[in-house]
Amino acid sequence: MKIATWNVNSLSVRLPQVLDWLQAQQAEGGVDVLALQELKMSDDKFPLAAFNEAGYQAQWFGQKTYNGVALISRHAGTDVVKNIPGFADEMSRVITATYPDGQGGSLRVIGAYFPNGQAPDSDKFVYKMRWLTALHDWVKQEMATHPQLILTGDFNITFDDLDVWDPVALKDTIHCTVQERTHLQALIDLGLTDSFRLFDQPEKSYSWWDYRDFGFRRNRGLRIDHVLISAALKDRATACAVDKVPRKNERPSDHAPVVLSLA
DNA sequence: ATGACTAAACCTTTTAGA
């Protein structure tokens, strides 16, 4: 089965591309769960009918103009939770649901749009740090009851220099600071694995490229979209890859999908 | 160049993204 994440930067604009992409994946077995970020639409605008017609179920948590997340799936998600319980937040950033794991068990999927943080000296960075602490507690709680768990989405954090097109110029800038990476490591320390690095990857693999200055053509990007898996899923992982094809579309999102394959 | 490009809204200008 396949689990994917994609920051679409407006689902209104990108809906045809998402449907096309899901259709294209059918040739290789199809995507079971697709986590979307930056819907940029209120709940009443969510295009449920279009996904249903394509054969998919959906759970969503929208917000006008900014943020917004969804889980698109073959089977209906259950035990849906929106945002982080106990953490008051104006923004719609997290959606969690349970799915069949294809082997008679269940798979808990947390789809998240991590705060950008803007700059290390900004109020938004302070919020990012608070949000990361709250997320850590939520993931820890969920892992206690769901051995097969996936934390995926737009993390807005790079792991290390390998994830950065110019690590010297971008040292200590947003997405690359020690503080952000310490929080990311804390999530790993809960018992999660960066599935992407379980496999050989092309050099300079990224999941986001700036729209400006031919960022994609020059491969000036960052790897900030991740699929983290719990220990119970590690042996089932057979591949993880960035799919750069949709980034070559006309009017693309600035992010590309990342796809995890499980046996 | 606190720029470049894209999207949304309070829309010919600002805010945010990363």
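This is a short tour of the structure, stop by stop, with a suggestion of what to select at each one. Keep in mind that you are looking at a predicted model.

**Stop 1: the sheet with β1**

Start by selecting β1, residues 2-7, together with β14, residues 258-262. These two strands run antiparallel and are joined by four bridges. To see one of the pairs, pick Ala4 and look across to Val259, its bridge partner in β14.

Now widen the selection to the whole sheet. It is an open sheet of six strands, and the order to follow is β3-β4-β2-β1-β14-β13, with mixed pairing. At the edges you will find β3 (57-61) and β13 (237-242), each of which pairs on one side only. Leaving direction aside, neighbouring strands in this sheet are turned by 10° against each other on average.

**Stop 2: a second sheet**

Next, select β5, β6, β7, β8, β12 and β9, in that order: they make up another open sheet of six strands, again with mixed pairing. Its edge strands are β5 (78-82) and β9 (192-194), each pairing on one side only. Here the average turn between neighbouring strands is 20°, direction ignored.

Walk in from the β5 edge. Three bridges link β5 to β6 (residues 94-100), and the two strands run antiparallel. Click on Thr78 and you will find Thr98 of β6 standing opposite.

Stay on β6 for a moment. Is this strand mostly covered or mostly open? It is mostly covered, since six of its seven residues are buried. On to β7: seven bridges join β6 to β7, again antiparallel. Val94 has Ala112 of β7 opposite it. The two strands form a hairpin with five residues between them, and in the turn you can pick out Gly102, whose phi is positive at about 85°.

While strands are on screen, one general point is handy. In a regular strand, side chains alternate between the two faces of the sheet.

**Stop 3: helix α3**

Select α3, residues 123-145. This helix lies across β6, β7, β8 and β12, and runs at about 175° to β7. How does the span of α3 compare with what its 23 residues should give? At 1.5 Å a residue the expected span is 33 Å, and the end C-alpha atoms are 34 Å apart, so the two agree.

Colour the buried residues of α3: Lys128, Trp131, Leu132, Leu135, Trp138, Val139 and Met143. Among the elements that cover them are β7, β8 (149-154), α4 (178-188) and β12 (225-230). As you look along the helix, remember that an α-helix has 3.6 residues a turn, so residues three or four places apart point the same way.

**Stop 4: α3 beside α4**

Add α4 to the view. The axes of α3 and α4 come within 10 Å and cross at roughly 5°. That angle is under 35 degrees, and the helices therefore count as roughly parallel to each other. To see who makes the contact, show Met129, Leu132, His136 and Val139 of α3, then Gln179, His183, Ala186 and Leu187 of α4.

**Stop 5: the largest nonpolar core**

Turn to the interior. The largest nonpolar core has 67 residues, and those touching the most other members are Leu36, Val69, Val109, Ile150, Leu151 and Val227. The biggest contribution to this core comes from α3, with six residues.

For a closer look, centre on Ile150. Setting aside residues up to four places away in sequence, Ile150 touches Ile3, Leu107, Val109, Ile110, Val227, Leu228, Ile229 and Leu233.

**Stop 6: three loop residues**

Finish with the loops. Asp121 sits in the loop between β7 and α3. Why does Asp121 count as exposed? Because 7 C-beta neighbours lie inside 10 Å, and the limit for exposed is 12 or fewer. Try the distance tool from Asp121 to Ile174: they are 53 residues apart in sequence, yet 9.7 Å apart from C-alpha to C-alpha.

Asp172 is in the loop between β8 and α4. Its phi is near 65°, a positive value in a residue other than glycine. Asp172 is exposed, with 9 other C-beta atoms within 10 Å.

The last pick is Phe214, in the loop between β10 (208-209) and β11 (221-222). Phe214 is not a glycine either, and its phi is positive at about 55°. With 11 C-beta neighbours inside 10 Å, Phe214 also counts as exposed.

Definitions and conventions:
Residues numbered from 1 in each chain as written. Chains lettered and ligands numbered in written order. Predicted model: local features only at pLDDT ≥ 70, side-chain atom pairs only at ≥ 80, totals over all residues. Buried ≥ 20, exposed ≤ 12 C-beta atoms within 10 Å, placed from the backbone. Core = buried A, V, L, I, M, F, W, Y, C linked by C-beta atoms within 7 Å. Contact = placed C-beta atoms within 7 Å. Expected span 1.5 Å × (residues − 1). Pairing = 2+ DSSP bridges. Axes fitted to C-alpha atoms, helices over the stretch in contact; angles between N-to-C directions. Parallel < 35°, antiparallel > 145°, perpendicular 65-115°, else oblique.
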